[in-house]
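Q: Please take me closely through one strand of this model and its surroundings, and then show me how other elements are arranged.

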Amino acid sequence: MELYIHIPFCVRKCGYCDFLSFSGDAAAQEAYMEALLREVRWAGKACGGRRERTWGTDDGPAAGQTQPGQRSSKGGKEAVETVFVGGGTPSVLESVWIGRLLEAVYKSFAVAADAEITIEANPGTLTTEKLKSYRRAGINRLSMGLQSMDNRELKELGRIHTAEEFLKNYYMAREAGFANINIDLMSALPGQTKKSWEETLRRTAELQPEHISAYSLMIEEGTPFWERYGRGQSGMPAGERAVSGNVSLSVGQIQRPCDYPPLPSEEEDRAMYRQTKKRLALAGYERYEISNYARPGYECRHNVGYWTRVPYVGLGLGAASFYEGERFSNVRDLACYISLLKEGQGTGLRAPWQEERQTVGEREAMEEFMFLGLRLTAGIGESDFQRVFARKIGQVYGTVLGRLTSQGLLEKTTNGWRLSEWGLDVSNRVLAEFLLEE
């Protein structure tokens, strides 16, 4: 299983962001973190199992501790293979809170000795002391939100850092011992050109991070960017990028007010998408998912778990879970979350601070298996489908597989199916084909 832990606090909210995040003073952060620690301890008991670790070493769990897959005498269930501390900006917190958080995780769950443990961090919020404390806490992967190497583009996004500040923080992370770093990039930004995007790709690749995530900007309803570029517009993206939130717009649908820099056209956006694949491939990065690139062996295990439907438990404000065949999420109101965690505990993995609980039926599970698994360039396996659903994939999707293959959007592999290069480029349209009629 996997754990996702949400830290909602940011220095300030970026103009394009529709994630559950906001600024918070020291008192709000303390109240939230105390509530979160209570939820971690409760969830650990609900999931079962724990193991001890030794604190204060740069290498995380000490040698000789419980090995991957082993359980404590308390009788655990699944070992936690990945932990992802996201946000928001977790690195805005004082480092003592991250240390306490990871200590609670290790004391409450059966964490695998080789677990991938990631923290998101924004440039401008990191210090040498924080980075060293993350290493002592057992964090072995850092995900840095750069977005662009162009300072003008960063300013338009509302980011708090410059490219120079990012570089300083990146080298600090290397000196602190981080050997697995992801850098987030974003294309189709206000005023961005193919030349400036090429420069961002080049300078980022030259740093040789182990992983690069490269997404196109989406204009989400309810954000300041919607007010600037999308107010009064409606509909789904004209392009094929992934969609999140309730309403999203691609650059081709948006009219620019005269006082804001223009968004690239949809044609320019597609050209940037092609640039990304070409430039990162030349730099030695393998594309293993629609928008993610890694050096061999450094694929993000946590995200691969999402795409292959590994059970995960989300902890913290608004965090979502998929566990024991159910999907559910935590409340999104900060005061409500803190109050409910003070008042009581749950029964099993059910708690009063959870909401929107639904059982995942076989039809929905099949759909998810296909349109999540096919995001990966390796595709899906026929034997895996049959093992999970006790049915051959052809019995359920034979017609769709045949049609998409004949159109050149899908390819047969030795063990299953994967999207073709063209299919990956137009993935939203292709993956929608795997929705089943009720």
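A: Strand β11 (residues 312-315; strands are DSSP E runs of at least two residues, helices H or I runs of at least four, numbered from the N terminus) is covered on both faces, with Y312 and G314 on one side and V313 and L315 on the other, all of them buried (under 20% relative accessible area with a 1.4 Å probe, protein chains only). This is a predicted model, in which local features need pLDDT of at least 70 and side-chain atom pairs pLDDT 80 or more, while totals for chains, interfaces and linings use all residues. Residues are numbered from 1 along each chain as its sequence is written, and side-chain values use heavy atoms, without hydrogens or water.

Strand β1 (residues 2-7) pairs with β11 in the parallel sense over 4 bridges (pairing takes at least two DSSP bridges), and within this pairing I5 of β1 has L315 of β11 as its bridge partner.

Elsewhere, an open sheet of 3 strands runs in the order β15-β17-β16 with antiparallel pairing, and its edge strands, β15 (380-381) and β16 (410-412), each pair on one side only. Between β15 and β17 (residues 416-419) the antiparallel pairing extends over 2 bridges, and I380 stands opposite W417 of β17.

Among the helices, K194, W197, E198, L201, R202 and A205 of α6 (residues 194-206) are in contact (heavy atoms within 4.5 Å) with residues of α8 (residues 266-282), including E268, A271, M272 and Q275.

Terms used:
Buried means under 20% relative accessible area, exposed over 50%, partly exposed in between (1.4 Å probe, protein chains only). Axes are lines fitted to C-alpha atoms, for helices over the stretch in contact, and angles run from 0 to 180 degrees between N-to-C directions.
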